[in-house]
Amino acid sequence: MSRKVTVVGAGFVGATTAQRLVEKEIANVVLIDIVEGMPQGKALDMMESAPIEGFKTQLTGTNHYADTKNSDLVVITAGLARKPGMSRDDLLFKNAEIVSAVISECAKYSPKAILLMVTNPLDMMTYLAWKKSGFEAKRVFGMAGALDSARMAYFIAEELGCAPSEVEAMVLGGHGDEMVPVPAHTKVKGKSIPQLLKREKIEAINQRTRDGGAEIVKHLRTGSAFYAPSSSVVRMVRAIFEDKGEVIPSCVYLTGQYGIKDVYCGVPARLGRDGVKEIVEIKLTGEEKAALEQSAAHVRENCAKLSL
Ligand code: APR
């Protein structure tokens with residue numbers, strides 16, 4: 001295995017991502033955190049599961065960026081997670097400080113890497129990472145749509161009583177309350193959702209999807225979701241390395257697509273070894289297009305607060 005992935009932040013999302021990546025033998029992983037000993041302890045614990053799980057990939061825990069040198073891909077999960085009652089935007093300034101410091105180190109040691117952002121508020125942190133790294137925009141993008149779509153797919157499967165993997169959902173926009181579920185592009189075995197569910201049901205699922213993260217935070221009380229987020233990261237990492245041109249809703253830099261430019265926002269993107277190969281423009285209703293524009297405007301407003 002010659003692929004090297006660094007996961008920054010060895011908390012719930014980072015450690016679970018590292019676990020999924022090594023168990024599925026997608027890459028060797030370096031897990032790094034600011035807390036001394038913690039990534040080393042988690043890495044050793046996971047490696048001790050290798051004789052049972054049977055994976056041959058290597059996981060290393062560290063507090064030193066030199067160990068992340070020449071990574072092919074860096075996943076950024078460092079930062080604070082939400083507590084009940086907080087919006088993702090409430091994390092803006094604190095996480096901007098953390099992400100700025102982390103990105104400088106990662107860019108220095110892995111100048112050719114793809115940066116995959118997970119820290120919230122996602123769209124703003126992705127923009128910040130792009131600015132701070134100086135990397136081409138196609139190598140800096142974020143995980144949000146993959147997660148929001150997985151949540152929507154699960155709710156639909158629950159409603160229809162089908163297998164969750166049979167549902168292909170599509171959620172666009174920023175990773176916040178203004179995200180834009182797109183029912184016409186959400187399908188079960190080729191049939192779109194409006195053919196299968198009543199309008200009120202679809203609207204209820206859309207709203208539960210928008211509130212999906214908050215629903216988990218409310219249950220957990222002390223942190224935010226990490227199982228579905230780490231699965232979503234791994235889906236993207238796999239698509240990048242497999243290079244088969246899979247299209248996944250991702251937080252990418254728009255240069256006029258969907259009539260929006262100079263902002264990071266969630267839209268379908270074809271991913272591959274070089275990062276974002278293509279931004280795919282699907283047909284939206286007037287209402288969906290307006291909602292996407294509004295969501296992008298919200299991201300732009302918040303990015304301006306970072307005065308980069
Ligand atoms: N460098 C490296 N790691 C850091 C730094 C830093 N400067 N600052 C904080 N961290 C680490 C923390 O020590 C912690 O281990 O980031 C980790 C974050 O882990 P958790 O608190 O468990 O949070 P988690 O649930 O993993 O969420 C991380 O992902 O989904 C988003 O909103 C979520 O922004 C949050 C991020």
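Select G79 and the ligand: an oxygen atom of the ligand sits 3.4 Å from a polar backbone atom of G79. The model you have open is a predicted one.

Keep the ligand on screen and add D33. Here an oxygen atom of the ligand is 2.6 Å from an N or O atom, and that atom belongs to the side chain of D33. Next add V13, where a polar backbone atom lies 2.8 Å from an oxygen atom of the ligand. Now show the whole surroundings of the ligand: 19 residues. F12, V13, D33, L80 and N120 are the closest of these.

Stay on N120 and select the next residue, P121. The peptide bond from N120 to P121 is cis, and its omega is near -5 degrees. P121 is part of the loop between β5 (114–117) and α5.

Follow that loop into helix α5, residues 122–133, and select helix α10, residues 286–305, together with α5. The two helices pack with their axes 9 Å apart, at an angle of about 55 degrees. Angles from 65 to 115 degrees would count as roughly perpendicular and those under 35 as roughly parallel; α5 and α10 are therefore oblique to each other. The crossing of α5 past α10 is right-handed. To see the contact, show side chains for D123, M124 and Y127 in α5, which meet V299, N302 and C303 in α10. Sorted by class, the contact of α5 with α10 holds four nonpolar residues, one polar and one charged.

Go back to V13, already selected beside the ligand, and extend the selection to helix α1, residues 12–23. Add helix α9, residues 227–242. The axes of α1 and α9 come within 9 Å and cross at roughly 50 degrees, and α1 and α9 are therefore oblique to each other. α1 passes α9 in a right-handed crossing. On the α1 side of the contact, pick V13, T16, T17, R20 and L21. They meet Y227, P229, S230, S231, V233, V234 and V237 on the α9 side. By class, the contact of α1 with α9 is made up of seven nonpolar, four polar and one charged residues. V13 thus appears twice on this tour, in the contact with α9 and among the closest residues to the ligand.

For the last stop, select R221, in the loop between α8 (212–220) and α9. Check its backbone: R221 has a positive phi of about 70 degrees, although R221 is not a glycine.

Technical notes:
Residues numbered from 1 in each chain as written. Predicted model: local features only at pLDDT ≥ 70, side-chain atom pairs only at ≥ 80, totals over all residues. Heavy atoms only, no water. Axes fitted to C-alpha atoms, helices over the stretch in contact; angles between N-to-C directions. Helix = DSSP H or I, 4+ residues; strand = E, 2+ residues; numbered from the N terminus. Parallel < 35°, antiparallel > 145°, perpendicular 65-115°, else oblique. Left-handed = near helix turned anticlockwise from the far one by under 90°. Contact = heavy atoms within 4.5 Å. Nonpolar A, V, L, I, M, F, W, Y, C, P; charged D, E, K, R; others polar. Near = heavy atom within 4 Å. Polar contact = N/O pair within 3.5 Å; in protein donor to acceptor, adjacent residues only side chain to side chain.
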